[in-house]
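Please walk through this model with me, one selection at a time. Keep the viewer open and follow the stops in order.

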Amino acid sequence: MADRIVRISEEVKKEISNIIQNEIKDPRLPNMVSIISCTVTKDLRYAKVFISVLGDDEQKKNAISALKSAAGFIRRELGHRVQLRYTPEIHFELDTSIEHGIHINKLLDDAKKEFTE
C-alpha cells in the first residue's frame, strides 16, 4: 500500500509541475517555481505540495497566493490527467530547505576561510 502512495505522489508531483509550468498564466507567478515534494494522504483526499520559489519574500508570497487561487483549476486538470477514484484537494506550502542549505554552505565556506587564514 505504501508503495502505491509513493507512486501516486510522484505522478501527482509530475503532473502538477507540468500544469504550473505550461498552463497557469498568472503574472504573480515567477518563472522559477519548483516543486520539491508532494505527499498524498492514504485515502487520496489531500495532497500537500511543497514548492520552492527563487526570489525575494514578496515574490514568494505572490507565488503562494497565485497557486492557492489556481488550486481549483490545478485540481481539475489533475483529475483529467491522472485517473484516480478521488482527485486530491491540493494544499501548497513554501519549502525553504534549498535556501537553508545555501545559507549553511556559506557559513561553512566562511568558517573554512577563517580557519585557513
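**Stop 1: the core.** The model is predicted. Select Ile 16, Ile 20, Ile 51, Leu 67, Ile 74 and Phe 92: of the 28 residues in the largest nonpolar core, these touch the most other members. At least two residues of this core come from each of helix 1 (2-22), strand 1, strand 2, helix 2, helix 3 (71-81) and strand 3 (89-94). Helix 1 is the biggest contributor, with six residues.

Now centre on Leu 67 and display its surroundings. Which residues is Leu 67 in contact with, leaving aside its neighbours within four places in sequence? They are Ile 20, Ile 24, Leu 29, Val 33, Ile 51, Ile 74 and Phe 92. Ile 20, Ile 51, Ile 74 and Phe 92 were already in the first selection.

**Stop 2: Ile 90.** Select Ile 90, which is found in strand 3. Ile 90 has a relative accessible area of 8% and is therefore buried. Not counting residues up to four places away in sequence, Ile 90 touches Ile 16, Ala 47, Val 49, Ala 71, Ile 74, Arg 75 and Leu 78. Draw a distance from the C-alpha atom of Ile 90 to that of Arg 75: the separation is 6.8 Å, although the two are 15 residues apart along the chain.

**Stop 3: helix 3.** Show helix 3 and colour Ala 71, Ile 74, Glu 77 and Leu 78, which are buried. Turn the view to look down the axis of helix 3: its buried residues fall within an arc of 130°, so they line one face of the helix. On the face turned away from that buried side are the exposed residues Gly 72 and His 80. What covers the buried residues of helix 3? The cover includes helix 1, helix 2 and strand 3.

**Stop 4: a charged pair in helix 3.** Stay on Glu 77 and add Arg 81; their side chains meet in a salt bridge, at 3.8 Å from N to O. Glu 77 and Arg 81 are four residues apart in helix 3, and so are separated by about one helical turn. Is Glu 77 buried or exposed? Glu 77 is buried, with a relative accessible area of 17%, while Arg 81 counts as partly exposed at 29% relative accessibility. Extend the selection to Glu 15 and Glu 23, which are linked with Glu 77 and Arg 81 in a network of salt bridges.

**Stop 5: other salt bridges.** The whole structure contains seven salt bridges. Another of them joins Lys 14 to Glu 11, with the closest N and O atoms 3.7 Å apart. Both residues lie in helix 1, three residues apart, about one turn of the helix. Glu 11 counts as partly exposed because its relative accessibility is 29%.

Next select Lys 60 and Glu 99, whose side chains meet in a salt bridge at 2.4 Å, N to O. Lys 60 lies in helix 2 and Glu 99 in helix 4, so this pair ties together parts that are 39 residues apart in sequence. Lys 60 has 9% relative accessibility and therefore counts as buried. Glu 99, at a relative accessible area of 30%, is partly exposed. Helix 2 spans residues 57-69. Not counting residues up to four places away in sequence, Lys 60 touches Val 53, Gly 55, Leu 94 and Glu 99.

**Stop 6: the loop at Leu 44.** Move to the loop between strand 1 (33-40) and strand 2 (46-53), where Leu 44 is placed. Check the backbone: Leu 44 has a positive phi of about 60° although it is not a glycine. Most residues other than glycine have a negative phi. Leu 44 has a relative accessible area of 7%, so it is buried.

**Stop 7: a surface patch.** Finally, select Ile 104, Leu 107 and Leu 108 and show the surface. Together they form a nonpolar patch there, with about 260 Å² of accessible area. Leu 107 is found in helix 4, which runs over residues 97-116. With 43% relative accessibility, Leu 107 counts as partly exposed.

Terms used:
Residues are numbered from 1 along each chain as its sequence is written. This is a predicted model: local features need pLDDT of at least 70, side-chain atom pairs count only at pLDDT 80 or more; totals for chains, interfaces and linings use all residues. Side-chain values use heavy atoms; hydrogens and water are left out. Patches are made of residues with over 30% relative accessible area and no salt bridge: like charges are joined within 9 Å, nonpolar side chains (Val, Leu, Ile, Met, Phe, Trp, Tyr) within 5 Å. Accessible areas come from the Shrake-Rupley method with a 1.4 Å probe; for residues, only the protein chains shown count as cover. A salt bridge is a side-chain nitrogen of Lys or Arg within 4 Å of a carboxyl oxygen of Asp or Glu. Buried means under 20% relative accessible area, exposed over 50%, partly exposed in between (1.4 Å probe, protein chains only). Contact means heavy atoms within 4.5 Å. A nonpolar core is a set of buried Ala, Val, Leu, Ile, Met, Phe, Trp, Tyr and Cys residues joined through side-chain atoms within 4.5 Å. The arc is that of the directions from the helix axis to the C-beta atoms.
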